[in-house]
Amino acid sequence: MSIDIHIFDRTNRFGAKRATIDAALSAAIDWVTARADGLSVDVVVAPTDFGTDQFMNAVAQGPANISMGIDIAALDDPTLCENVRCCMVHELHHAHRWPYIPRWTVAECLILEGLAKIADIEAFRAAVPDAPMPGWTIADENAARDDVRRLKDMAMEDARDWLYAPEPDAAAHVPARIYAVGLDLMLRATHALRLDPWQAATRDAATLMDAARAGAPTPDDIWCSA
């Protein structure tokens, strides 16, 4: 396993926070390597400067390539360390899941984001044990279930409007369906299968989606194998 971090900060915009960022990234790698085998990933981390309402953005661009931007406006945020750590756990989970995705469908997108969110919540709770689950409510669970049944085999590119729209009448800051519905489905699936998110990442989409239909709602808990 090799997870290599490359910091692109030629003008030292991270400044004194570089040590905090380095520590958070190292902690994320330690967390992941204890749970996933065989990862070989290059991670590029760079400062960004997009305004005071920004924090960070990150994307896995395949099983071996992750980019993270940390906005300089967020460097004094007291949650910087844990947010960098958990964001990196989330993206490394994507890299772990990626080789098991044969075709990008709606189901695969929901699984990818749902399992990665469980992984980063688990990592956050390890540091902040009383942290609540995200308050991501689904406005109409029956409608969401019907949508998933209808769209799950559709190609991702044909369903972006549905995946990246928030739930109807959602409260402010509730994420797009790919995250909210994905988290709900994968909480159900991991409990039904009694798998943690790293183990579940190696299962095929049909197994996970079938388990999600059978699983009971688990709004306040995460199944952990340990």
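## A small tour, starting inside

The structure holds 1 cavity of 30 Å³ or more. Keep in mind as you look around that this is a predicted model. How do you spot a space like that? Rolling a probe the size of a water molecule over the atoms shows where empty space is left. Here, the largest cavity has about 30 Å³ of space in it.

So much for the space; now for its walls. Go to Thr 48, Phe 50 and Gln 54, then on to Phe 55, Met 56 and Asn 57, and finish with Gly 69 and Asp 71: together these residues line the largest cavity. Two strands, β3 (56-60) and β4 (65-71), each bring at least two residues to that lining. As for chemistry, the lining is a mix of 3 nonpolar residues, 4 polar ones and 1 charged one.

Next, turn to a pair of helices. Helix α2 covers residues 80-97 and helix α3 covers residues 106-127, and their axes come within 8 Å of each other, crossing at roughly 145°. The crossing of α2 past α3 is right-handed. Where these two helices meet, the contact residues sort into 11 nonpolar, 7 charged and 3 polar.

Finally, how far can you trust the picture? Across the protein chain the mean pLDDT is 90, with 89% of the residues at 70 or more. Strand β2 (residues 40-48) has the highest confidence, at 98, while helix α4 (residues 141-151) has the lowest, at a mean of 91. A word of caution for any stretch you zoom in on: where pLDDT is low, the predicted coordinates should not be read in detail.

Definitions and conventions: Residues are numbered from 1 along each chain as its sequence is written. This is a predicted model: local features need pLDDT of at least 70, side-chain atom pairs count only at pLDDT 80 or more; totals for chains, interfaces and linings use all residues. Side-chain values use heavy atoms; hydrogens and water are left out. Axes are lines fitted to C-alpha atoms, for helices over the stretch in contact, and angles run from 0 to 180 degrees between N-to-C directions. Helices (H or I, at least four residues) and strands (E, at least two) are DSSP runs, numbered from the N terminus. A crossing is left-handed if the near helix is turned anticlockwise from the far one by less than a right angle, and right-handed if clockwise. Ala, Val, Leu, Ile, Met, Phe, Trp, Tyr, Cys and Pro count as nonpolar, Asp, Glu, Lys and Arg as charged, and the others, Gly among them, as polar. pLDDT is the predictor's confidence in each residue, from 0 to 100. On a 1 Å grid over the protein atoms alone, a cavity is a set of points where a 1.4 Å probe fits but cannot get out, and a pocket is an open set with protein on both sides within 12 Å along at least five of seven lines; lining residues have an atom within 4 Å of a point. Grid points are joined across faces, edges and corners, and a volume is the space filled by probe spheres set on the points.
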